[in-house]
Structure formats: structure tokens, C-alpha cells
Amino acid sequence: KDYTTLTSSNAQFIYGLHDRLDMYVGGGLTTAVGRVQKYAFLGANMGLWKNEKWFSVSTYHVFLIPVDRHSEACGLLWLPSIVVSKNLVVKKFKLTPYSGYLLTLPLGHTDGKRFTPPSPTHNLPAGVMIPRGQWSFFAEYCFGKTQEIPAFGVAYTF
């Protein structure tokens with residue numbers, strides 16, 4: 001209600017600065033009601049706690065900056081989250097299920113913006129990452145009252 005269905009695609013480069021800190025940079029396209037907006041983003045994932053026997057906890061932050069259509073988006077979209085994950089091996093099959101909390105926080109003017117939610121949104125993601133050699137595949141769904149997000153992705157490790 002009072003928002004639109006969006007699609008978003010992006011490409012990103014991730015660099016491990018430390019065994020507990022990864023940096024993200026990239027760009028993408030968001031489509032809404034027949035219009036396309038380009039955006040750039042940067043972010044980081046920081047490991048907070050890791051216990052191989054139990055689970056790991058990290059905090060993930062991404063900042064999306066509109067490259068065009070500035071009048072149709074807020075000045076900055078911040079996506080802070082907390083992620084809980086567990087590496088598993090089931091009959092020699094490796095996978096990492098994860099969940100957590102995601103906040104989508106528009107910073108700046110939001111009224112009538114095509115590419116910005118009208119207010120902060122809260123989601124509970126649930127997903128799985130499957131590593132296969134240098135490739136990793138993931139699928140997740142973010143549950144929420146005002147926003148729901150299915151996501152799929154592929155990563156290649158150099």
C-alpha cells in the first residue's frame with residue numbers, strides 16, 4: 001500500500017580486509033512502474049562473534065546512493081542488518097543457512113518518491129548460501145509487513 005513493486009539487480013565487488021571485515025562496492029538498477037534508476041553502493045560486513053559449534057553473528061551495512069533520477073529517490077538509503085548464520089555439512093553437502101533482521105532506512109525527503117519507501121521498513125530475512133568450489137549460490141526471502149523481498153544471487157571467488 002502506498003508503495004510500488006520494485007525489481008533490483010546489482011553487481012558488486014567484495015574485498016576481505018580482515019578475517020572479520022569485508023568491504024562491498026558496486027552498482028545496480030532499480031525498476032519501478034516502467035522507470036529505471038541507477039544507483040551506486042558501498043558497505044561492509046563485520047563479524048561480531050563466531051563459534052563453529054553454535055553459530056556466527058555479523059552486522060551488515062549497505063548505503064545506496066542514487067546516480068540519476070535524484071528527484072524520485074531519497075538522498076541515501078541505508079540498509080543496516082544483523083545476520084546469524086551456521087555452516088553445516090549434510091552428507092558431504094555444504095550449506096550455510098542464515099537469518100536475522102534488516103532495516104531499510106531512507107535518509108532524506110521521502111514523500112512521493114518512486115524509488116524510496118515512504119518510511120523505514122523492517123524485515124526478517126531467511127536464506128541459504130551454497131558454496132561450490134569458487135562459486136557460491138544463495139536464495140533468501142525477507143518477510144515483512146510493508147515490504148517483502150525475494151532474492152537470488154551468484155558469487156565467484158577469485
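Strands E9 (residues 135–143) and E10 (residues 149–156) run antiparallel and are joined by 8 bridges. A hairpin of 5 residues leads from E9 to E10. This is a predicted model, and the points below walk you through that strand pair, the cysteines, a nonpolar surface patch and the aromatic rings.

**The E9–E10 pair**
- If you would like one contact to look for, Tyr141 has Pro150 in E10 as its bridge partner.
- As you trace the strands, it may help to know that side chains in a regular strand alternate between the two faces of the sheet.

**Cysteines**
- A disulfide is a covalent bond between the sulfur atoms of two cysteines.
- How many disulfides does the structure hold? The number is 0.
- Why does Cys74 have no such bond? The closest cysteine sulfur belongs to Cys142 and lies 18 Å from the sulfur of Cys74, which is too far for a bond, because a disulfide needs the two sulfur atoms within 2.5 Å.
- Seen from the other side, Cys142 is in no disulfide either, and its nearest cysteine sulfur is that of Cys74, 18 Å away.
- Are these residues buried or exposed? Cys74 is buried, at 3% relative accessible area, and Cys142 also counts as buried, at 1%.

**A nonpolar patch on the surface**
- Met46, Leu48, Trp49, Trp54, Phe55, Ile82, Val84, Tyr101, Leu124 and Phe143 together make a nonpolar surface patch of about 940 Å².
- Two or more residues of the patch come from strand E3 (35–50), and likewise from strand E5 (76–85).
- Which element gives the most to the patch? That is E3, with 3 residues.
- Phe55, one of the patch residues, sits in the loop between E3 and strand E4 (56–66).
- With a relative accessible area of 34%, Phe55 is partly exposed; the label fits because partly exposed covers values between 20% and 50%.

**Aromatic rings**
- Across the whole structure, a search finds 6 aromatic pairs.
- One of these is formed by Tyr39 and Phe41, whose ring centres are 6.2 Å apart.
- Why is this pair called tilted? The ring planes of Tyr39 and Phe41 stand at 40 degrees, and a pair counts as stacked under 30 degrees and as edge-to-face over 60, so a value in between is tilted.
- Both Tyr39 and Phe41 are buried, whereas Phe55 in the surface patch is partly exposed.

Key. Residues are numbered from 1 along each chain as its sequence is written. This is a predicted model: local features need pLDDT of at least 70, side-chain atom pairs count only at pLDDT 80 or more; totals for chains, interfaces and linings use all residues. Side-chain values use heavy atoms; hydrogens and water are left out. Buried means under 20% relative accessible area, exposed over 50%, partly exposed in between (1.4 Å probe, protein chains only). Patches are made of residues with over 30% relative accessible area and no salt bridge: like charges are joined within 9 Å, nonpolar side chains (Val, Leu, Ile, Met, Phe, Trp, Tyr) within 5 Å. Accessible areas come from the Shrake-Rupley method with a 1.4 Å probe; for residues, only the protein chains shown count as cover. A salt bridge is a side-chain nitrogen of Lys or Arg within 4 Å of a carboxyl oxygen of Asp or Glu. Helices (H or I, at least four residues) and strands (E, at least two) are DSSP runs, numbered from the N terminus. Rings of Phe, Tyr and Trp (its six-membered ring) pair if their centres lie within 6.5 Å; planes under 30 degrees apart count as stacked, over 60 as edge-to-face and the rest as tilted. Two strands pair if DSSP finds at least two bridges between them.
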